[in-house]
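Student: Please take a close look at one part of this protein, the surroundings of a single helix. I should then like to see that part set against the protein as a whole.

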Amino acid sequence: MDALIHAGMHKTGSSSIQQTLYDTEIAGLYYPKWPTGNHSGLVVLMFEDAPEEHHGFKAQGITPDELADRRARWQTRLTKALESGEHDRVILSAERLVASPPAALQRLKAFFEPYCDSFRVMAYVRPPVGYMTSAFQQRLKGDLDRIQLQWPAYRRSFEKLDQIFGRENVFLKPFYLRDMVGGDVVLDFAHETGLDLVPDQVARVNEGLSLEAVALLFMQRRFGKGFVRGFPGAPRANQAFIDALARIGTGKLELAPALTDPVIEANRADLDWIEDRLGAPLRDSAPKGAHPIASQQDLVAVALDHLDALCDLLADQLRPGPEPSQQGLIRNLELMRSLYT
């Protein structure tokens, strides 16, 4: 059996790759059926220390004892599948792998090594501004409440993969859609890994928010009550709120060079490292919009311009269905009451 480790990186279409693999039956392939197509939680649970401290499990309030029981069940499930002899390839796909400590990657390799004849690690590498823009948006979906740009940390992400799996087994590819098969990262991933996929099988997941939705979400995170947490349905409730905001606007979030250039210069050595590792420059296109975001006030201004759209969205949410219910009536009355407290 061959092992393919897809390590992201973040913001390179990984969610669509994962959902496609999760939904598609491919002969000879074992793709573990974690509750989602993203195996990041599985990696944390199985191979990292203190999984209860990971934000995904923490937000749901899962106890250490519950996680220990879950780990034991998944260890049994994975071992049974790997020992079955029914598969000639296993794929693990988790953006978490670029953030996992080396000890966790060593445990992962040791777990799969008795069943796998070879390891291949693959990751797409996003240029810095595109990464920072998408990462800001993604972190805003969590609990970020300010404009804070996250550098990709290329060397910290990828050097440990080279060291643990062998550089000759780690394939890194620049994330330029123009250079991908069909201009599509899922089809490109299938081509690079020898999987038999056709365009109709490709799933589209975690598409970016519009500029307007980002601005409104920023306002709620920065000046409202922020991310809900501490109960089992918290991530789902938070995502439902974001999905509703996603119906507003069509603009594209672009960050101004005034924001991104200082971050790039502060991390120039890291950018040089990844360009040397790739053997090619890793550069972004200049912003195409007339008004890229340069400050918090720019986001506030966009949000205020779309207050009417938010009111229309609220009206749609409050409007009763074809058969009004007592539950819906009480919900709306409680929402009305909250405006006066």
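Tutor: The answer below begins with the basis of the model, turns to the chosen part and ends with charged side chains.

The model is predicted, so local features require pLDDT of at least 70 and side-chain atom pairs count only at pLDDT 80 or more, whereas totals for chains, interfaces and linings use all residues. Residues are numbered from 1 along each chain as its sequence is written, and side-chain values rest on heavy atoms, with hydrogens and water left out.

The protein has 15 helices and five strands; these are DSSP runs numbered from the N terminus, a helix (H or I) having at least four residues and a strand (E) at least two. Its radius of gyration is 22 Å, close to the 20 Å that the globule rule gives for 341 residues, so the protein is as compact as a globular protein of that length. This radius is taken over C-alpha atoms, and the rule is 2.2 Å times the number of residues to the power 0.38. The C-alpha trace spans about 65 × 50 × 40 Å along the principal axes.

The part chosen is helix H2, residues 40-47, in which eight of the eight residues are buried. Buried means under 20% relative accessible area, exposed means over 50%, and partly exposed lies in between (1.4 Å probe, protein chains only). The buried residues of H2 include Ser 40, Gly 41 and Leu 42 at the start of the list and Met 46 and Phe 47 at its end. Around them stand helix H3 (55-59), helix H4 (64-83), strand E3 and helix H5 (102-112), against which the buried residues of H2 pack.

Helix H1 (residues 14-23) offers a second case, with seven of its 10 residues buried. Among them are Ser 14, Ile 17 and Leu 21. Strand E3 (89-93) appears here too, for the buried residues of H1 pack against E1 (2-6), E2 (29-30), E3, E4 (118-125) and helix H8 (185-193). In the whole protein, buried residues make up 46% of the 341 residues. Of the contacts (heavy atoms within 4.5 Å) between residues at least 6 apart in sequence, 77% join residues at least 24 apart.

Charged side chains complete the picture. The structure holds 16 salt bridges, each a side-chain nitrogen of Lys or Arg within 4 Å of a carboxyl oxygen of Asp or Glu. Lys 58 forms one with Glu 53, the closest N and O atoms being 3.4 Å apart. For Arg 268 and Glu 265 the corresponding distance is 2.7 Å, and Arg 268 counts as partly exposed at 29% relative accessibility. Glu 275 forms a salt bridge with Arg 283, with the closest N and O atoms 2.9 Å apart; Glu 275 is buried, at 12%, while Arg 283 is partly exposed, at 49%. Salt bridges with shared partners also join Lys 173, Asp 188 and Glu 192 into one network.

Lys 141, in helix H6 (residues 128-141), is buried yet has no salt bridge, and Asp 243, the nearest side chain of opposite charge, is 7.0 Å away. Leaving aside neighbours within four places in sequence, the contacts of Lys 141 include Glu 207, Leu 209, Phe 227 and Ile 242.

Methods
Lys, Arg positive; Asp, Glu negative; His and termini not counted.
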